[in-house]
Every structure is written in C-alpha cells, then in structure tokens.
Amino acid sequence: MYQQLNRFEQILFDVCALILLLFYSYAAVISPASTQYHRGVYVLITYILVFLLYKSKSTVMRVVDYLLISVSVVTISYWIYNFEAINYRTGAETHLDTVIAIAGVLVSIELARRVVGNIFVMIGVVMLAYGVYGDYMPDLISHAGATFPELCVSIFYKSDGIFGIMANVLATYILLFVLFGAFLKKCGAQKFFIDFPLAAVGHKIGGPGKVAVIASGLFGSISGSAIANVVSTGSFTIPMMKKAGFKPHQAGGIEPAASIGGMFMPPIMGAGGFIMAELTGEPYSHIMLVALFPALMYFFSVFVMVHYEAKKLNIVGEKSKNSPMAILKAEWYYTIPLVVITIFMLLGYSPGYSAILGLISCIVVSWVRKDTRIGPKKFLEAARSGAESSLKIGATVGVIGIIIGVLTYSGLVLTFADIVIELAGGSLLMTILLIALASLVLGMGVPVTAAYLITAVVAVPALTHLGVNELAAHMIVYWLSQDSNITPPVCIAAFAGATIAKANMWKTAFASFKFAKFLYLGPLLFAYVPAFSLDGSALNIIKAFIFIILGTWLYSYILSGIWIHSWFGKKPAA
C-alpha cells in the first residue's frame, strides 16, 4: 500500500512514522508527555496515516481524503490545545466545542470504515442511535437518552470516549511493541524462530506441524496479531506440513490454531495484556506471570493433538542439516531482545521503557551479521513497517471510544452484569457461555483486542459478582475474545491459513477450530481453579499445575480421536 503513494505522500508517511517512534521513545525513556500530548499526538498521526494509506480510488475522492486529513488535524489539535480549558467548562461547552466534537466523532467513524470495515462501523452507529434514543428502549436497557450533539460532546471530550482508555493503551504500550516487532523482524530474528524448532522437532512424528506450533509461539508472543503470525510463519510452515503428508486443510488449520496462542504468551501477549494492566491496575509483570502457564498449556494441547494427528496419518518429518545446539550456538543472540524486555519488565520497569530497550537491542543484534545490519535506510523501513502495522488496531480507537462512551453515558456498564446474571440464572458456567457467545458475535466485526476491551468493560463485573477474582475474570474474557479468529463463520486467521495452504476455506476453519479446543477449556480453568491464575498457596498451585498438565494431555488425546483410530482403524505409527 505504501508503494501506491506518490513521492510527497511517501515522505509525509515516513516523517509521521519517525515522529511516532521518536516521540514515544522519548516519552517512555526520558520524560513522560502530558495527557493531551501523549494521547493526542498518537491519535492525530494515526488519523493522518490512515487517510493517506487507505486512499480513495478516484482523483476526486482523493481530494476528500485530504479534506478528512484537514478535519482530523483541526479537531484533534483543538482537543490538544484546549484540553485544560474544556475540562474546566465541562457541562458548559461552547458552540465551537460542540461543532468540533461532532466533526471528530464523524471522522472517527469514517476512519474505522476504511480499515476495519462496515460491520464495525454499524456497531458504532447502532451505539450512537442507542445513546440518542435510549428512552425508547425496553425497560431493561433504557436510559434518559440525549441529543446527538450532547452525545458527541461526551464521547469526544470525556475520559471514557475517543481519547480514553484505548487511546492511552495504544499510545503507551501497543505502538511501542508493534515497532519493536518490526525491528525484531528487520534484524533477522524470524529466521531463528523457525530454524531452531525445525532442528529440534522437525524430524519427529508430525515434525513440521510441531515446528509450526513452536515457531508460532515464539513469533506470536511479539507479533501482536494472530493473522500476521499466520501469514509470516505460515508461509514457511504450511507448505512444509503439506510436503510431509498433512492434508492441505489440516496444514492450513494447524497454523492459525497455533498462532492465536501467541496472544496468550508473554512477554507481549498481543495487546490484551496491556489493556488488562490498565483496567485492573495490576503490574504488567504480574499479568505476565499469571499468563505464562496457561499459555504453555495451550501450546502443549495443540502440540499433543498435532502429534496424534500425525500418528494417525503416519507422518514423520525430515532431519535438519543442523542440530538444535548448533543453531542455538550460531544464532543465540536473536533471543537477546526478548530476554531484555522480559528481564526489565520483571524488574519493575515500565513496558514502554522495556520495549525501547528491546528495540535498541534489536539494532545492536542486527550488526552481528552484515546482511541484517540496521543502518539509516533499514531503520526508516522498520519504523515505516511498524507504523503501518499499528494502523489496523489504531483505526479502531474512535469507534471503540464511541462504544465505551455510550455504554458509560447510558449506564449500561453498571446494569449489564445484572442482565447477564439474570439470563444465566446465577450460573457461572452459563455466564461464561453467554460471554463466549457475545465475544464470538462481537469478534465477527471487531478486531479481537477491541472485542476484548468492549466485552471486558461489561462482562467482568458479572464474573466477579459470581466469585471469580478480577484478574481471572479478565483472562476469561481475553481468551474467549480470540475465538472469532478460528471459529466459523468469520475466522480470518483460519481463512488466511486456507489461502496459503490452497485448501477449502470451511474445512480449514473447522480443522483450526478442532486443534484450538483448549481455547474453551482455559476459561473454565480460570473460573473454577483459582490456582490456574496463581491465586492460592504455593502447594495448591503446584498440585493444580500437575493435575492440569495431565488433564490437558488427556483432553487433547481424547479430542485428537487417536483412540478411535486405534480401536477401529489401522495401527498408528510407532
């Protein structure tokens, strides 16, 4: 998409990308920026880059793109410049304040439409209609309602709207880690993430499938996107699985099933962990520790299912030319950036500070080999790539602000827990099932991170009311929010795997759904086994972990169907 821009637009894009990198690096390491600049600069540059990159097709409409950029600059700059004054006159906004707010809300909707699509926009429009016509709603969800201008003022200026939690998390954490991922890829580390598991398990039963699981865990922990994980590691692992003997839809299904596990795997966990830290007030280092064992169990489950699937098909991989130790000795330095980030976060440094140190270590590591050295040109390319990747989630900031702003304005955040508990009859299991359904439906039109945030705001109180500790409740919602990546009918990660595998879309989707089944067991463990989220004594946690490991193996063994194959089919491979 960048290549389709004219020279002036490319220069403008690169300048904005560098400003994002340098401004937020400075804010993370040297001196934090005040709220209006910290959130405002991110939102402003994101809006400019989206309207630059996701361009209209005709010349006339391209003029409209520039008009929208101008409106974005005016409205967001107005919010930044008048931040304190607007806070002082809350409830007594001027006519100009109102006009700016309306324009800002409408531009945010168009921004999301360009990147995310019409379904997400429809959700935002429905929420706006609910905010205006709340007094016409059924008693269970009714509220006083508001005029459209009043609602826009609340959404644009209040702390739970467009410049609210989503903007803060994106600017504070996600942007820096997306940029870190771009630099990690540019320094050549992705090759190590594939070479090492290939040498370690590539020659075992189902070796190529196991390589996909391990590589996706390594790369997915920093990529921030299950789809990006499928496209990047899958372009190598899926053809390798097909060559070894996996059917195309199986190869295409294993990769996305493994890829969504990267969203649970520390140190980065996609974007959800940072939102979780913001919502719960827990240190991110603690969230990483809680997330680690469940993430490992997810990958263990997929690994076991791949193993038994390969036994049914008698698939054995080829031995790598190099041993795992030889590759580790030759390319160990590629682990330094992840080690740096993990250590500094565990020592209590902020995630943003740790991300910048990790980014710097990527640059240092790149100079080990001549062909991967990050000089000025590659530095700019990495900044550009990171900025471009950030737009997919950044473009949701406005509509997320609309949704959460309306939910707060209407009071539905407070009543939703009661509604869910009433529908579930007070049953924790039924409550989780309802949340799973809501996450799946919401995830059909909303990026999974956004789906988590929206669902968490309204669903976590219901879970905590039923006795689940707050962090475990957030983990339940976060795990279930990944469902739409691999569950039909809208399963973009699975469809991406099918495209690479040249396989039937629906067969691939159901294969991915099968291999990712621990995705549904994990939330139940968070709900019913407090030790799963490190809540309890050391002895209870250790005992729970041992039983969960054994239970995960048995769960995966049963779901793999190998026992049916053994009883009624031919004998599996030894």
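## The enclosed cavity

Searching the whole structure, which is a predicted model, turns up one cavity of 30 Å³ or more. The space inside this largest cavity comes to about 30 Å³. If you would like to select its walls in your viewer, the lining is made up of D160, G161, I162, I165, M166, A167, V397, I400, G401 and I404.

Two helices, α8 (165–186) and α19 (397–410), each bring at least two residues to that lining. Of the elements involved, α19 gives the most, with four residues. Sorted by class, the residues lining the largest cavity are seven nonpolar, two polar and one charged.

## The second largest pocket

Now for an open site. The second largest pocket holds about 600 Å³ of space. It is lined by 22 residues, and those closest to its centre are L407, L412, F416, A438 and V458.

Which helices build this pocket? At least two lining residues come from each of α6 (118–132), α19, α20 (412–423), α21 (428–443) and α22. The largest share belongs to α21, which supplies six residues. Helix α19 is thus a handy landmark, as it contributes to the lining of the largest cavity and also to that of the second largest pocket.

How does the lining of the second largest pocket divide by class? There are 21 nonpolar residues and one polar residue, with no charged residues.

## Helix α22, a bent wall element

One of the helices lining the second largest pocket, α22, is worth a closer look. It covers residues 448–465, 18 residues in total, and spans 25 Å from its first C-alpha to its last, close to the 26 Å expected at 1.5 Å a residue. Along the way, α22 bends by about 50° at A456.

Is α22 mostly buried or exposed? Of its 18 residues, 15 are buried, so the helix is largely enclosed by the rest of the structure. After α22 comes G467, which has a positive phi, near 105°.

## L554 and a long-range pair

Our last stop is in helix α27 (residues 538–560), where L554 is found. With a relative accessible area of 42%, L554 is partly exposed, because that value falls between the 20% limit for buried and the 50% limit for exposed.

L554 also pairs up with a residue from far along the chain: S301 is 253 residues away in sequence, yet the C-alpha atoms of L554 and S301 are separated by 9.3 Å.

Technical notes. Residues are numbered from 1 along each chain as its sequence is written. This is a predicted model: local features need pLDDT of at least 70, side-chain atom pairs count only at pLDDT 80 or more; totals for chains, interfaces and linings use all residues. Side-chain values use heavy atoms; hydrogens and water are left out. On a 1 Å grid over the protein atoms alone, a cavity is a set of points where a 1.4 Å probe fits but cannot get out, and a pocket is an open set with protein on both sides within 12 Å along at least five of seven lines; lining residues have an atom within 4 Å of a point. Grid points are joined across faces, edges and corners, and a volume is the space filled by probe spheres set on the points. Ala, Val, Leu, Ile, Met, Phe, Trp, Tyr, Cys and Pro count as nonpolar, Asp, Glu, Lys and Arg as charged, and the others, Gly among them, as polar. Buried means under 20% relative accessible area, exposed over 50%, partly exposed in between (1.4 Å probe, protein chains only). The expected span of a helix is 1.5 Å times one less than its number of residues. The bend at a residue is the angle between axes fitted to the seven residues ending there and the seven starting there.
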